[in-house]
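Hi,

Here is the structure I promised to pass on. Have a look at it first, and my notes on what turned up follow below.

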Amino acid sequence: MASLAAGELQDMEVDRRGESEESGDDETRRKSINGEMDPNQPATSKEESPVDMDTITLDPEEEDVDLVHCRIGKIEGLEVLLKAKTLSLRQNLIKKIENLESLNTLQELDLYDNQVRKLENLHNLTELEQLDMSFNVLRKVEGLEHLTQLKKLFLLHNKIGSIANLEQLTGLEMLELGSNRIRMIENLDTLGSLQSLFLGTNKITKLQHLEGLHNLTVLSIQSNRITKIEGLQHLVSLRELYLSHNGIEVIEGLENNKKLTTLDIAANRVKKIENISHLTELQEFWMNDNQIDNWSDLDELKNAKSLETVYLERNPLQKDPQYRRKIMLALPSVRQIDATFIRF
């Protein structure tokens, strides 16, 4: 891996904070973030030849079935797994979801990193609570209307162009749609149970249509095309907001988000820290790679008595020889400035 400058590594660290961390293995995520693999390509080698399922021994009594990286090319012969609650088929060569009808006790299905082109043949899996289809080649969200028990849905790194066909998933708590081709936030009105929404690395230009997400606590929309903070007034339960790597110029529109503990506006075009003095529960404030040049701006953070982490590097402020000392004096509760912990 090519060596990276400290600044580049920090950008990646900031970017990663807003990604869901439940989908995918740590090694694959690390390689994607650090540029060792094309994030839009599944990690499995296309040169591998599929194996016949007859060569794989299955235990009919097994509840947690793990068939990771077995070079499976076709889903078949799983009818014996009548007690299976979790089935992991990640990192295989599967092109189609099929022959799962008999697995109606399944609660978790993992097809991360395959070659699946369509969400289909899932209608019998009515007990399913978690579905991971990340790192495939899906173009549409479809075929999920019968999965009314679904709580977590991972669709990271596909080719999905729009948010659609989720109306029946009223119990959904986590939705991961990062690294797709989505241009608009839409069709989320019925997802009142949603707690975490991840939309990083898409082509979204506006924060909108979030009114029905009253229980949302985490919103990540990093690396999009957002220029204005708006449309968040109904998200009164929001605790973590990730907006880094957009085109935001003004901090605004957070009047009703008083429960925020993490606010990430790194790598935008902000010139002034303002309109956040009411965020008294703030613990982490990420503001690196902006245009902050006035030390008095830190007064906006003085009401956040539990503030522990502040990122302000690569702002004009950092040129001050007393940079760290001035932050410590202005914000005495802080225990970490940028990537370095404070030593007492």
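To start with a question: which side chain does the side chain of Asp-110 make a polar contact with? It is that of Arg-90, at 2.6 Å. Before going further, please keep in mind that this is a predicted model.

**The overall picture**

The protein chain has 3 helices and 14 strands. Of its 344 residues, 48% are buried. About 15,700 Å² of the protein chain is exposed, and carbon and sulfur atoms supply 44% of that area. If you take the contacts with a separation of 6 or more, 28% of them come from residues 24 or more positions apart.

**Around Asp-110**

Asp-110 lies in strand 3. With a relative accessible area of 14%, Asp-110 falls under the 20% limit and therefore counts as buried. Leaving aside residues up to four places away in sequence, Asp-110 touches Leu-87, Ser-88, Leu-89, Arg-90 and Asp-132. Besides the contact with Arg-90, the side chain of Asp-110 reaches the backbone nitrogen of Tyr-112 at 3.0 Å. One distance for your notes: Asp-110 and Leu-67 are 43 residues apart in sequence, and their C-alpha atoms are 9.8 Å apart in space.

Arg-90 itself is in the loop between strand 2 (86–88) and strand 3. Arg-90 has 12% relative accessibility, so it counts as buried. Arg-90 also lies over the face of Tyr-112, at 4.6 Å from the ring centre. Put together, Arg-90 has a polar contact with the side chain of Asp-110 and a place over the ring of Tyr-112.

**The aromatic pairs**

The structure holds 3 aromatic pairs, and I'll go through two of them here. In one, the ring centres of Tyr-112 and Phe-135 are 5.1 Å apart and the planes stand at 55 degrees, so this pair is tilted. Tyr-112 and Phe-135 are 23 residues apart and the pair links distant parts of the chain: Tyr-112 is in the loop between strand 3 (108–110) and strand 4 (130–132), while Phe-135 is in the loop between strand 4 and strand 5 (152–154). Both rings belong to buried residues, with relative accessibility of 1% for Tyr-112 and 4% for Phe-135.

Another pair is Trp-286 with Tyr-311, and this one is stacked: 4.0 Å centre to centre, with 10 degrees between the planes. Trp-286 sits in strand 11 (residues 284–286) and Tyr-311 in strand 12 (residues 309–311), so the pair ties together parts that are 25 residues apart in sequence. Trp-286 is buried at 1% relative accessibility, and Tyr-311 is buried with a relative accessible area of 1%.

**Backbone angles to look at**

Most residues other than glycine have a negative phi. Which non-glycine residue has a positive phi of about 60 degrees? That is Asn-99, in the loop between strand 2 and strand 3. Asn-99 is partly exposed, with a relative accessible area of 25%. Phe-135, from the tilted pair, has a positive phi too, of about 55 degrees, and is not a glycine either.

If you open the model, you could begin with Asp-110 and its contact to Arg-90, then go on to Tyr-112, whose ring has Arg-90 over its face, and from there to its ring partner Phe-135.

Cheers

Key. Residues are numbered from 1 along each chain as its sequence is written. This is a predicted model: local features need pLDDT of at least 70, side-chain atom pairs count only at pLDDT 80 or more; totals for chains, interfaces and linings use all residues. Side-chain values use heavy atoms; hydrogens and water are left out. Rings of Phe, Tyr and Trp (its six-membered ring) pair if their centres lie within 6.5 Å; planes under 30 degrees apart count as stacked, over 60 as edge-to-face and the rest as tilted. Helices (H or I, at least four residues) and strands (E, at least two) are DSSP runs, numbered from the N terminus. Buried means under 20% relative accessible area, exposed over 50%, partly exposed in between (1.4 Å probe, protein chains only). A charge sits over a ring if NZ of Lys or CZ of Arg is within 6 Å of the ring centre and within 35 degrees of the ring normal. A polar contact is a pair of N or O atoms within 3.5 Å; within protein, one must be able to donate a hydrogen and the other to accept it, and residues adjacent in sequence count only if both atoms are side-chain atoms. Contact means heavy atoms within 4.5 Å. Accessible areas come from the Shrake-Rupley method with a 1.4 Å probe; for residues, only the protein chains shown count as cover.
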